[in-house]
Structure formats: C-alpha cells, structure tokens
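Trainee: I have a structure to read and some questions to ask. Can we go through it step by step?

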Amino acid sequence: MHPDGPSPHTTAVVLAGGTGQRVGLSIPKQLIKVAGKAVIEHTLAIFEEAEDIDDVLVMMAPGYARDVEKIVAKGGLTKVTRVVEGGATRNETTRRAIEVLGEGLAEGEDRNVLFHDAVRPLLSRRVISDCVAALDRYRAVDVAIPSADTIIVTRTHGEDGEFITDVPDRSRLRRGQTPQAFRLSTIRRAYEIAAEDPNFQATDDCSVVLKYLPDVPIHVVSGDEFNMKVTQPVDVFIADKLFQLASTAAPAQSDEDAYREQLTGRTVVVFGGSYGIGKDIADLAERYGAAVYALGRSTTGTHVEKQEDVSDALERAYAETGRIDFVVNTAGVLRIGKLAETDDAAIEEALKVNYLAPVRIARAAHKYLAESGGQLLLYTSSSYTRGRAEYSLYSSTKAAMVNLTQALADEWAGDGIRVNCVNPERTATPMRTKAFGEEPAGTLLSSEAVARTSLDVLLSPMTGHVIDVRQQDPTADASQAGSFERALAAALDVQVDGEVA
C-alpha cells in the first residue's frame, strides 16, 4: 500500500471541459458568475490558497483558454502554470493532462496529482489536505460522502416505463465527489492499459484505476455536502446562496511588530469612530503608527448621511497625509419595531444611515483607494441571511451591505481596490446596550476583538469576502465547510447578531 516515498510536489489539475448545455447557457458553465466571480475563479482561488498545492494546471474547454488566462491574470493566481485545451471527453482531457504533467520529469521521478471538477467551487481546504496526506500511503484516493437518499436500480420495460429491480443497502453506498488524487505514475499506467481496450469508457478517473489496476487499493477520503457540482440551473442559485452565507477567516499578523510595519505611514479613515467598534479600530490603528481620522456625529460633527460631510472628511485626510489607504464604515442605527407602526422619520433615518451612507462613502472613497490600492471595509450582521419580524429595516439594509460588498469587489477589482464585509456575532457596543439593555457577562463579543479582526482584514489581500467574527469555540471546524455550517446556524438564529455602532 505504501508508495516508494512521498512525492514532494503536488499539482492540482482543474478539469474545465464542460460546455454548459445542461445549465442552458451558450458559454461553459465554469464561466458562469456566482457571487460576483466566474465559477472557475472561485475554484482556482481555493487551490491558490491551499498550502498543500504547489501548482495548478487548467484543462479548459476548447476555444475558451484565453478567457481563463484573463481570469488568472486579473486575479493574480500565481500557482496556475498552464491553461491547456481539454479533449472531447473527460477521459481524453485527463489523458492530455497526464501528458502535460509528464513533460520535463526525470526518469523515475513522480508527483502527486489531484483532479478536480472546475464546477465544484465550494471545495474545502480540509478535503484537499486529507487527499494529499492520504497519498503518503496510497497511490489512488477518491472523495465521497454517504448517500442520504435511497438508491434504486431500475429496468425499462418497453412503453410501460421503469420498474424497480433492486434496492441496494444504502449503508454501503457513497456519492462520489472530486478531487480524485493519484501518484502520477499510477494514473498514467492505468490509462496506458486502458488505451489497449477498444471498448474503454469511464465517467471518472478512479474507475479507470479500479478496472485496469485492480491490485491498487483506492482509499476513500470523507467529502462534505457543500462540495456540490454546478450542473443544473438550480445549482447556480444554490451555489450563489451558499457563497453569500459563507464566512472567511482573516489571516492574523504574526506579532505586534508586523502590525506596526504594515500600518506605519498608512492613513485610515473610520466613519462611526466615536465609540464602539469604530473607536477601537481607530485606537488600534493609531497605536500601530497609522494616521487615523476617527469621525463621528458626537465627536467631529460628521454625519455619514450627509454627502458633504463624507467628502469633506476624505478630502481633509488626503490633504494632510497625501494618501488614504483604508476607509472603514461602522456607523449604523438599530430601530426595532413593526414596520406598520414605524413613522417616516425613523424609516428615513434607517435607510440614510444604514444604506445610503455606505453607498456614498464608497463612491467618495473610490478615487483615493484606487490611487493607494487600498480597501473599503463595511459591516453587516447575521440578520442579513434572513429577514426577521420587527427587524425589517435593519435586516434588509444589512443584506444590502453584503451585496454591495460583493458587487464592488468585482467592479473595483480592475482598480486594485479590495472590498470586504465583517459579520460580527452579538457584540457589546453602546448601540446594542441602548436597544437591549445590559446582557449577561460572557454572552457578547468584545468590540476590541472585532476591531482586531477588522485590522487583520484590512491588512490581508482578501476581497469580496464576508468575514465571520465569533467567540472562540475550541471544537469548531476551521474548514470552509465549518464556516458554512456556522453561517447556516446563524441564519436560523432568532436573535440579531453583530449590531455595529
């Protein structure tokens, strides 16, 4: 079972040969946009960030290689070394990939290879790591999950239709996913033998090894339900919603000196900086050497709902420092009550502060952030996933912040501007205390913790992400699937999380 020593090099082969016919489109389904980006861009970004992957080879549908090359260049996906046109079938595409991977290898040299469907853009890093780790012991690895449905075997009887002939034991049935991982020498040998079979056909690569190298055990790694394949029209909608619910962890800086190194000489403008999360962000950034402009109604007389106040604040910061690197908006209002009983003034205030203000801040900040290659940071709450009774204004404006983030991240990518959105759990802020009164100690996040994560986001290369900030749970799964599960749980929470002050 043990290979002759682990291969130090691992290549991910992204199979993108689909045409999109089942989705009803004239372009390949891997170029469909989901959550503001092409499906294949999400997939490539996963491998770009995976520490276990050394490089990426893309096998693209004929005629569309240039489209992927543009995506790679625009996204700065440095691990993608080649984009090659695939074949007419899945097996032919794999065969071509094997040939490309073999080029330049010395005799006896081997490597790991992971074949992954481009239209599975929700792959977790945990699955990638498990596949690569399994290749230290096995030459072939598949990814699968238990079948939640009963599987039946049928036979067609003429015009009478289908009839059940067998109901297999569900406990032994699994639904196959990708990646499928191999030592290159193993999958190459399987295809060499298959080429001698005039009746060769297979729907995936593990079945080729199973049939033509029966003595090679195929280890099964546990997949996850979120690793879905976008093949039907409804899948596009589901994937888009899952991406909206997904939260991402921001990479923390190594130590205090790292914060100082990256923030010294930078200019940070914080709207809503009078108290709460905004003030804590301003204090932290200033402590690490940034020039900080903390703006608020009660301290500087800055009203975020007034365009002239926003423009004047940004102009002043730029005039005094010659740059604006980060613009943060934590300003917000929380009005609880039934919409039919809410007066026009309260409705107008909620819309102006929670929606129009971020839009105006974004528009006014664009030219400064384009010059510095900076970032706009917005805030939402878990209420964006589900409108709740008596929170209609708050929930709907917070949902708008997520959509605004994702739209601007895509729209401004060419300008070098990053846009992200922080989603804090219930946080101890003056605004929350005003709405809910004093709450039990230990049940709320501190605004300092949210501020620290916000700094991590500002200093990261991330864009278009919703960053979840929750109290530490030592049992929580740090994988992408774990964040989806937490987001779904939050979506069903009956309380409003993460009000921002």
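Mentor: Start with a term. A residue is buried when its relative accessible area is under 20%, and exposed when that area is over 50%. Keep in mind that this is a predicted model.

Trainee: Which residues of E6 point one way, and which point the other way?

Mentor: In a regular strand the side chains alternate between the two faces of the sheet. E6 has two such sets, and the residues in both are buried. One set is Asn 112, Leu 114 and His 116; the other is Val 113, Phe 115 and Asp 117.

Trainee: How many residues of E6 are buried?

Mentor: E6 is mostly covered. Take Asp 117 as a test: its relative accessible area is 6%, so Asp 117 is buried. For the strand, the count is six of six.

Trainee: Which strand runs parallel to E6, and which pairs with E6 in the antiparallel sense?

Mentor: Look at the bridges. Six of them join E6 to its parallel partner, and there Asn 112 stands opposite Thr 10. Four bridges make the antiparallel pairing, with Phe 182 as the bridge partner of Val 113. The parallel strand is E1; the antiparallel one is E10.

Trainee: With which residue does Arg 90 form a salt bridge?

Mentor: Side chains of opposite charge can pair when their charged atoms come close. Here the closest N and O atoms are 3.2 Å apart. Arg 90 lies in helix H3 and its partner in strand E6, so the pair ties together parts 27 residues apart in sequence. The partner is Asp 117.

Trainee: Is Arg 90 buried or partly exposed?

Mentor: Buried would need a value under 20%. Arg 90 has a relative accessible area of 22%. That makes Arg 90 partly exposed.

Trainee: How far apart in sequence are the parts tied together by Asp 110 and Arg 183?

Mentor: These two form a salt bridge, with the closest N and O atoms 4.0 Å apart. Asp 110 lies in the loop between H3 and E6, and Arg 183 in strand E10. Asp 110 is buried at 18%, and Arg 183 is buried at 3%. The parts are 73 residues apart.

Trainee: In which helix do Asp 257 and Arg 260 both lie?

Mentor: Their side chains meet in a salt bridge of 3.2 Å, N to O. They are three residues apart, about one turn of the helix. Asp 257 is exposed at 52%, while Arg 260 is partly exposed at 35%. The helix is H8.

Trainee: How many disulfides does a search of the whole structure find?

Mentor: A disulfide needs two cysteine sulfur atoms within 2.5 Å. The closest cysteine sulfur to that of Cys 206 is in Cys 131, 9.3 Å away, too far for a bond. Cys 206 itself is buried, at 4%. The search finds zero.

Trainee: Which element gives the most to the largest nonpolar core?

Mentor: That core has 35 residues, and those with the most contacts inside it include Val 58 and Ile 128. Elements giving two or more residues include strand E1, helix H1 and helix H4. One of them leads with five residues: H4.

Trainee: Which isoleucine does Val 58 touch?

Mentor: Leave aside residues up to four places away in sequence. The contacts of Val 58 then include Val 14, Leu 44, Val 68 and Arg 82. The isoleucine is Ile 40.

Note on methods. Residues are numbered from 1 along each chain as its sequence is written. This is a predicted model: local features need pLDDT of at least 70, side-chain atom pairs count only at pLDDT 80 or more; totals for chains, interfaces and linings use all residues. Side-chain values use heavy atoms; hydrogens and water are left out. A nonpolar core is a set of buried Ala, Val, Leu, Ile, Met, Phe, Trp, Tyr and Cys residues joined through side-chain atoms within 4.5 Å. Buried means under 20% relative accessible area, exposed over 50%, partly exposed in between (1.4 Å probe, protein chains only). Contact means heavy atoms within 4.5 Å. Two strands pair if DSSP finds at least two bridges between them.
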